[in-house]
Amino acid sequence: MVRITDVARRAGVSPSTVSYALSGKRPISAETRRRVEAAARELGYRPPSGASAHGRPKVLAVAAPLRTGVHVPAMMRVTQSVVTAAREYDHDVLLLTHEEGLTRVGESAPADALVVMDVGLHDPRLPLLRSLNRPSVLLGLPADPQGLTCVDLDYRAAGEACVHHLARLGHRAVALVGSPPEVFLRRTASAHRLVEGFTAAADHHGLASSVHPAVPAPAEAHGIADRLLREHPAPTAVVVHNAPLLEPLITAFQRLGLRVPEDLSITAVCPDDPATVTSVPLPAAELGTRAVALLMAKLRGTPVPEATLLPPRLTERASTGPAA
């Protein structure tokens, strides 16, 4: 697919000038307009579907596929922040929840820019995103971000931060209750990067560590807690990256006779910021604001960074304490 940057290079102008010349949104000299139109014809460039003489459609499409294992409340919280930020730029938002939603946008949907969620390390949507002649921002960091624009919480650093905190408290055996198994099977970037950080930090401190993908059903909490306590060595601290299981797990450990934090410390990486749990929250509002700001910059033809990783902010609370 021919991109607006290809037309700009052929015409010897900026991408924003190409956009203004083809849309009529701002006055452009007749000579420049002729150069741009000639370059577009020669290259076979077609403006994004829905664009007209009155300018871009001013619609952002959000690809948020509701797959199994996705924590929908967290996804909707980030989506809401995108909607709020888009309104500041006078843009509407088109929400795409089906797997094929992104393909529909690529073919005909009236959107001038894309936000893509639930990103995999080797996401099959990446070739399409690289070929489209409209800007996109991924809320997630794939294994190869070249030619893309990505913004996310630094999940690797989040996993490291939790383990560093527990190591400072003297814990020598830690466990991670992670995302659902199907999330790992899809190789979702956030889940894998958090495991990488957790494992690397545990190895750095010489801690015994284990990782447990978990079904996000509260009824499963007692069985998970019981299995963790039967490990050798049994963990004295647990990191939870599975929001629906956080409170049920704490209750299950307490019913098994453990006190938090006297016998077992709990930390979490989760969408909310629980008032009583040491945690790294998901910065949903900042993610949405950053994603939209990056898209608006790209629509203006302004260069943007390839990857923006938001540093984790761990807040210590009453759920962690010195190892027993």
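Guide: Two strands pair if DSSP finds at least two bridges between them. Keep that in mind for this predicted model.

Visitor: What makes β6 and β8 a pair?

Guide: Strand β6, residues 173-178, and strand β8, residues 237-240, share four bridges. The definition asks for at least two, so β6 and β8 pair. The sense is parallel. Val177 stands opposite Val240 in β8.

Visitor: In what order do the strands of the open sheet run?

Guide: The five strands follow the order β7-β6-β8-β9-β10, with parallel pairing.

Visitor: Why do β7 and β10 count as edges?

Guide: Each has a single partner strand, so one side of each lacks a neighbour in the sheet. β7 covers 208-213 and β10 covers 278-281. From one strand to the next, the twist averages 15°.

Visitor: Which helix lies across β6, β8 and β9?

Guide: Helix α11, residues 246-255. Its angle to β9 (265-270) is about 170°. Over 145 degrees counts as roughly antiparallel, so α11 is roughly antiparallel to β9.

Visitor: Why are α10 and α11 called oblique?

Guide: Their axes cross at roughly 55°. Under 35 degrees would be roughly parallel, and 65 to 115 roughly perpendicular. The angle falls in neither range, so α10 and α11 are oblique to each other. The axes come within 8 Å, and the crossing is right-handed.

Visitor: Which residues of α10 and α11 meet?

Guide: From α10 come Ala221, His222, Ile224, Ala225, Leu228 and Leu229. Their partners in α11 are Pro248, Leu249, Ala252 and Phe253. A contact needs heavy atoms within 4.5 Å.

Visitor: What makes α4 oblique to α12?

Guide: The packing angle of α4 (residues 72-88) and α12 is about 45°. Roughly parallel ends under 35 degrees and roughly perpendicular starts at 65, so α4 is oblique to α12. Their axes are 7 Å apart. This crossing is right-handed. On the α4 side, the contact uses Arg77, Val78, Ser81, Val82, Ala85 and Ala86. On the α12 side, it uses Ala284, Ala285, Leu287, Gly288, Thr289 and Val292.

Visitor: How many residues are in the largest nonpolar core, and which have the most contacts inside it?

Guide: The core has 48 residues, and Met117, Leu139 and Val269 have the most contacts inside it. Helix α12, residues 284-299, gives the largest share, eight residues. Apart from this core lies another, of 21 residues, including Ala175, Ala221, Ala225 and Leu245.

Visitor: How do you know that Ala221 is buried?

Guide: Ala221 belongs to the core of 21 residues. A nonpolar core is a set of buried residues, so Ala221 must be buried. In soluble globular proteins, nonpolar side chains tend to be buried together.

Visitor: What does Met117 touch beyond its neighbours within four places in sequence?

Guide: Val62, Ala63, Ala64, Pro65, Met75, Val78, Thr79, Arg125 and Leu139. Of these, Val78 also takes part in the contact of α4 with α12.

Visitor: Why is Thr32 called buried?

Guide: Its relative accessibility is 15%. Buried means under 20%, so Thr32 counts as buried. Thr32 sits in helix α3, residues 30-43. Leaving out residues up to four places away in sequence, Thr32 touches Val13 and Thr17.

Visitor: What share of the protein chain is buried?

Guide: Of its 324 residues, 49% count as buried. The protein chain has twelve helices and eleven strands. Its C-alpha atoms fill a box of roughly 80 × 35 × 30 Å along the principal axes.

Note on methods. Residues numbered from 1 in each chain as written. Predicted model: local features only at pLDDT ≥ 70, side-chain atom pairs only at ≥ 80, totals over all residues. Heavy atoms only, no water. Helix = DSSP H or I, 4+ residues; strand = E, 2+ residues; numbered from the N terminus. Buried < 20%, exposed > 50% of the residue type's maximum accessible area, 1.4 Å probe, protein only. Axes fitted to C-alpha atoms, helices over the stretch in contact; angles between N-to-C directions. Core = buried A, V, L, I, M, F, W, Y, C linked by side-chain atoms within 4.5 Å. Left-handed = near helix turned anticlockwise from the far one by under 90°.
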